[in-house]
Amino acid sequence: MALPDFFLIGAPKAGTTALHAALARHPGLYLSPVKEPKYYLCDGAPPVARAGPGDAHSAREWVWDRDRYSALFAAAPEGALRGESTPFYLYDRAAHLRIKRDVPDARLIAVLRDPVDRAHSNWMHLWSDGLEPIGDFVEACEAEDDRIAAGYAPFWHYRSVGRYGEQLAHLYSVFDRSQVHVLRYRQLVDSPVETLAAIGRFLGVDGLASAPRAENSRPYVADTRQARALGRAIRAGAAAGALLPPQMWRRASRPLVAARHRNGARRPVLSPGERRAVLAPLADDIALLSEVTGESYADWLGDRGRGEFGPRAEAASRVDSDTVGAAGDAGSEGSVAVS
C-alpha cells in the first residue's frame with residue numbers, strides 16, 4: 001500500500017500552496033493530486049460534523065478512506081519520493097501520532113508565519129469569501145473560544161493555529177528532530193531559491209531551486225452594506241445546501257462570491273493597537289517556540305508585521321487564499337505565498 005514519504009504539515013496561510021506547487025515540479029518528487037487530503041486528521045472514519053459556515057462541504061471532501069488515500073500515490077514514478085500537503089497536521093496533535101504509526105521514518109516540513117499576520121490572513125480569507133460574518137479582525141479573534149466550543153473547524157481557530165511552540169514541542173516528542181525541517185514564511189518569501197535548495201537537501205533531492213509562485217489571490221472586501229448582504233446570502237446558501245455535493249454548492253454560490261469580490265479594496269494594515277490585542281495571548285507561546293527551537297522569534301513581538309509577498313507584489317490590495325473552489329472553503333487550509 002503506497003503511503004507518503006514526506007509531508008508538508010503546516011502552517012495554514014504560510015505559503016504551503018506555493019511550496020506544494022514548487023515541490024511538485026521536481027521530477028524526483030510526486031505530490032498527491034489532491035493537495036489537502038486531510039487523511040491523518042481522521043482515523044479511518046469520516047470527519048466529525050463541524051458548525052462553521054462552509055464546514056459541512058469541506059468535511060465531505062476529506063479523503064478519510066485508506067484505500068482512496070493510498071490510491072492518491074499509485075501513479076508515483078519508480079524511485080520518486082511521495083508527498084502530500086495538509087497544513088493542519090502541525091496543529092493536530094493526534095495527526096502527529098497517526099503519521100508516526102504509519103510512516104515512522106517520515107520527513108516533515110513546517111513553515112511558520114508570524115502568528116498575527118497568519119491569523120489576519122486567515123480571517124481575511126474567510127471574510128472576503130463571505131463565510132466570516134464578523135467584519136472586524138480583533139472582534140473575530142475574540143470570538144474564537146466560543147467558536148471552538150461550538151465545534152467550528154480548525155480554520156476558524158485564528159489564534160490557536162499560530163501557537164507553534166506547543167505544536168512543535170509535541171511534534172518533537174513524537175518524531176526525532178532530524179525528521180523535521182522548520183522554516184519561516186519570510187525565508188520562502190525573501191530568499192526562495194536558497195530556501196528551496198535547503199528543503200531539497202532535507203528531502204535528499206538535487207535541483208530543487210525554482211522559486212515558488214504566488215497563486216490564488218482574492219481581493220480584499222471592504223465592510224459595506226452590500227458586502228454584508230452578499231455574505232449573509234452566501235452563508236445562508238452554505239447552510240441550506242449543507243447536504244448537497246460540495247461542487248454543486250460552489251457552482252451555485254459562484255455569482256454571489258464574484259459579486260462580493262467585484263469591488264475589491266486596498267488591503268487594510270493592522271494598527272499597533274489591533275496587533276497588540278491579538279498578540280497578547282500568543283506571547284507566551286512565542287517564548288516557548290524560541291525555547292523549543294533554540295532560535296529567537298522576538299521580531300514577532302513588535303507592533304508591525306511583515307506584510308506583503310515581496311516588494312513588488314500586488315498583495316497590498318489583495319488577500320492570499322488557500323481554498324479551492326469559487327466560494328471558498330472553511331476547511332481547506334493550505335496557503336499561498338502572497339501576503
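## Helices, strands and the chain as a whole

Helices, of which α8 is one, are DSSP runs of H or I with at least four residues, and strands are runs of E with at least two, both numbered from the N terminus. By this reckoning Glu166 lies in helix α8, a residue to which the last section of this report returns.

The model described here is predicted. Its chain has 339 residues, of which 57% count as buried, and its secondary structure comes to 14 helices and 7 strands. Among the contacts between residues at least 6 apart in sequence, 80% join residues that are at least 24 apart.

## The five-stranded sheet

Strands of a sheet pair through backbone hydrogen bonds, in either a parallel or an antiparallel sense. In this chain, an open sheet of 5 strands follows the order β2-β3-β1-β4-β5, and the pairing is parallel. The edges are formed by β2 (29-31) and β5 (180-184), each of which has a single partner strand, so one side of each is left without a neighbour in the sheet. When direction is ignored, neighbouring strands are turned against each other by 25 degrees on average.

At one edge, β2 runs parallel to strand β3 (residues 81-85) and is joined to it by 3 bridges, with Tyr30 standing opposite Arg82 in β3. At the other edge, β4 and β5 pair in the parallel sense over 5 bridges, and Val111 has Leu183 of β5 as its bridge partner. Although β5 stands at an edge of the sheet, 4 of its 5 residues are buried, so this strand is largely enclosed by the rest of the structure.

## Helix α1 and its packing against α10

Two packed helices are described by the angle between their axes and by the distance between those axes. Helix α1 (residues 16-24) and helix α10 (residues 192-203) pack at an angle of about 60 degrees, with their axes 12 Å apart, and α1 passes α10 in a right-handed crossing. The contact is made by Leu19, Ala22 and Leu23 of α1 together with Leu196, Ile199 and Leu203 of α10; by class, it has 6 nonpolar residues, no polar residues and no charged residues.

Helix α1 is mostly covered, since 8 of its 9 residues are buried, including Thr16, His20 and Leu23. Besides α10, the buried residues of α1 pack against β1, β2, β3, β4 and α9 (185-190).

## The nonpolar core

The largest nonpolar core has 86 residues, and the members that touch the most others are Phe7, Tyr40, Tyr69, Tyr89 and Leu203. Helix α5 (residues 115-128) gives the most to this core, with 6 residues.

Leu203, which also takes part in the contact of α10 with α1, is in contact with Phe6, Leu23, Leu29, Leu81, Arg107 and Ile109 when its neighbours within four places in sequence are left aside.

## Helix α8 and Glu166

Helix α8 (residues 164-174) packs on the sheet, where it touches β1 (6-10), β4 (107-112) and β5, and its direction makes about 165 degrees with that of β5.

Within this helix, Glu166 has a relative accessibility of 31% and therefore counts as partly exposed, a class that lies between buried, under 20%, and exposed, over 50%. Not counting residues up to four places away in sequence, Glu166 touches Arg93, Asp285 and Leu288. The C-alpha atoms of Glu166 and Tyr91 are separated by 9.0 Å, while the two residues are 75 residues apart along the chain.

Methods: Residues numbered from 1 in each chain as written. Predicted model: local features only at pLDDT ≥ 70, side-chain atom pairs only at ≥ 80, totals over all residues. Heavy atoms only, no water. Axes fitted to C-alpha atoms, helices over the stretch in contact; angles between N-to-C directions. Left-handed = near helix turned anticlockwise from the far one by under 90°. Contact = heavy atoms within 4.5 Å. Nonpolar A, V, L, I, M, F, W, Y, C, P; charged D, E, K, R; others polar. Core = buried A, V, L, I, M, F, W, Y, C linked by side-chain atoms within 4.5 Å. Buried < 20%, exposed > 50% of the residue type's maximum accessible area, 1.4 Å probe, protein only. Pairing = 2+ DSSP bridges.
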